[in-house]
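Dear colleague,

I am handing over the structure we spoke about, and below it you will find my notes on what turned up when I went through it. Please read them with the model open beside you.

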Amino acid sequence: MSESRTRLGRVAILWRGDEAERRSAIGATSRFKAVFAALADVGVNAEPVVYEDEVVDAVRAELARFDGVLVWVNPIHEGRNRSKLDGLLREVAARGVWVSAHPDVILKMGVKEVLHRTRMMSWGGDTALYRTVEAMRAEFPARLAAGPRVIKRNRGNGGQGVWKVEMPASLEMPASPANRPMARVLDATKDVSEELALDAFLERCVAYFDDGCVIDQAFQARLSEGVVRCYMAGDRCAGFGHQKVKALVEAPAERAQAGPRLYTSKAEPRFQRLRRLMEDEWTPQLTTLLGIQQCDLPMIWDADFMLGPPGEDGADAYVLGEINVSSVFPIPEEAPAEIASRVADRLRSRL
């Protein structure tokens, strides 16, 4: 091991996988190979650790050997959540192992509740929060009557628990036989909407309150123009991704324009205003509002923005749709170097 690597220490890169992957994992051939290589370039010795709930004790023993751990595990995966893993990560962090992202940081910034807590920032908008299904039943119908809404469960990924809800296309459409108000709903993971009684939709949301709350945002009419993802390494921009999306978009012509996310560097001219906002204004405001130390920001996280109505100067407004912290991947080509730089800084600060 080189002198520089010995000086900076050892970091685990942890992801979820089965026993076969656990036995055969090699950093240089994994999907995180660029991150492993970038860490090596700055003198950090990184090793793979593959996690599953059944081997939590073995992983605990492994992590005790490292100075830090970078975690790439989704909130929900094949019916499993992160409850056991988060408990483990809190344990190892309490014993002095640096964890990114720490579960307590995820609970502050990597959940949909952040949309409500930061709604007064200039990236915010018309956002409501419901702590109970009773509150949602009482308050949601009036908001829905004013225009389409987007309902989001507090924790999830891949569009799970995200719905566009609106009144039926014809205001003269008769109510159900029981005179129940109707709604048109579109699951973000599906292609076609359905019409059903509003209280039946609210019943579908009951399970979401296990995550603490449900978020209700005004639907952004420019969603079909695409979503801009700003990747951050700590408090510095690490690149961008732009994607025309299908989720919550119904018009066939608009859906036909959807495609893969296109990645660009942090120097991309189209997004320099967004970069300045994220680095100079929004990230400092976010850490202050949420009580997060700058040094505890995740080594990689992202913020997804929809386009809002242009301002008086003609510049597009950006409306925050979500912050992703738990498992941000894939990432722009330049991002591994940004991650490695932040990791090296953090390890140096511990010397």
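In this predicted model, 4 strands form an open sheet with parallel pairing, and their order across the sheet is 2-1-3-6. The edges are taken by strand 2 (45–51) and strand 6 (98–100), each of which pairs on one side only, and from one strand to the next the twist averages 20°. Within the sheet, strand 1 (residues 10–16) runs parallel to strand 3 and is joined to it by 5 bridges; if you want a point of orientation, Leu14 stands opposite Val71 in strand 3. Helix 12 (residues 335–350) lies across strand 1, strand 3 and strand 6, and its direction makes an angle of about 155° with that of strand 6.

Val71 appears again in the search for enclosed space, where it is one of the residues lining the largest cavity. The count comes to 2 cavities of 30 Å³ or more, and the largest cavity has a volume of about 70 Å³. Its lining is made up of Leu70, Val71, Trp72, Ser100, Ala101, Pro298, Met299, Ile300, Val325 and Ser326. Which strand gives the most to this lining? That is strand 3 (residues 68–72), with 3 residues. By class, the lining of the largest cavity holds 8 nonpolar and 2 polar residues, and no charged ones.

The second largest cavity has a volume of about 60 Å³, and the residues that line it include Leu115, Trp123, Asp126, Thr127, Gln217, Gln220 and Leu320. Strand 12 (214–218) and strand 17 (317–324) each supply at least two residues of this lining. Here the lining divides into 5 nonpolar, 5 polar and 1 charged residues, whereas no charged residue is found in the lining of the largest cavity.

One loop residue also deserves a note. Ser30 has its place in the loop between helix 2 (19–24) and helix 3 (33–41), and you may ask whether, in that loop, Ser30 is buried or exposed. Ser30 counts as buried because its relative accessible area is 11%, which falls under the 20% cut-off for that class. Leaving aside residues up to four places away in sequence, Ser30 touches Trp15 and Phe36. Of these two contacts, Trp15 falls within the residue range of strand 1 (residues 10–16), and Phe36 within that of helix 3 (33–41).

With best regards

Terms used: Residues are numbered from 1 along each chain as its sequence is written. This is a predicted model: local features need pLDDT of at least 70, side-chain atom pairs count only at pLDDT 80 or more; totals for chains, interfaces and linings use all residues. Side-chain values use heavy atoms; hydrogens and water are left out. On a 1 Å grid over the protein atoms alone, a cavity is a set of points where a 1.4 Å probe fits but cannot get out, and a pocket is an open set with protein on both sides within 12 Å along at least five of seven lines; lining residues have an atom within 4 Å of a point. Grid points are joined across faces, edges and corners, and a volume is the space filled by probe spheres set on the points. Ala, Val, Leu, Ile, Met, Phe, Trp, Tyr, Cys and Pro count as nonpolar, Asp, Glu, Lys and Arg as charged, and the others, Gly among them, as polar. Two strands pair if DSSP finds at least two bridges between them. Axes are lines fitted to C-alpha atoms, for helices over the stretch in contact, and angles run from 0 to 180 degrees between N-to-C directions. Contact means heavy atoms within 4.5 Å. Buried means under 20% relative accessible area, exposed over 50%, partly exposed in between (1.4 Å probe, protein chains only).
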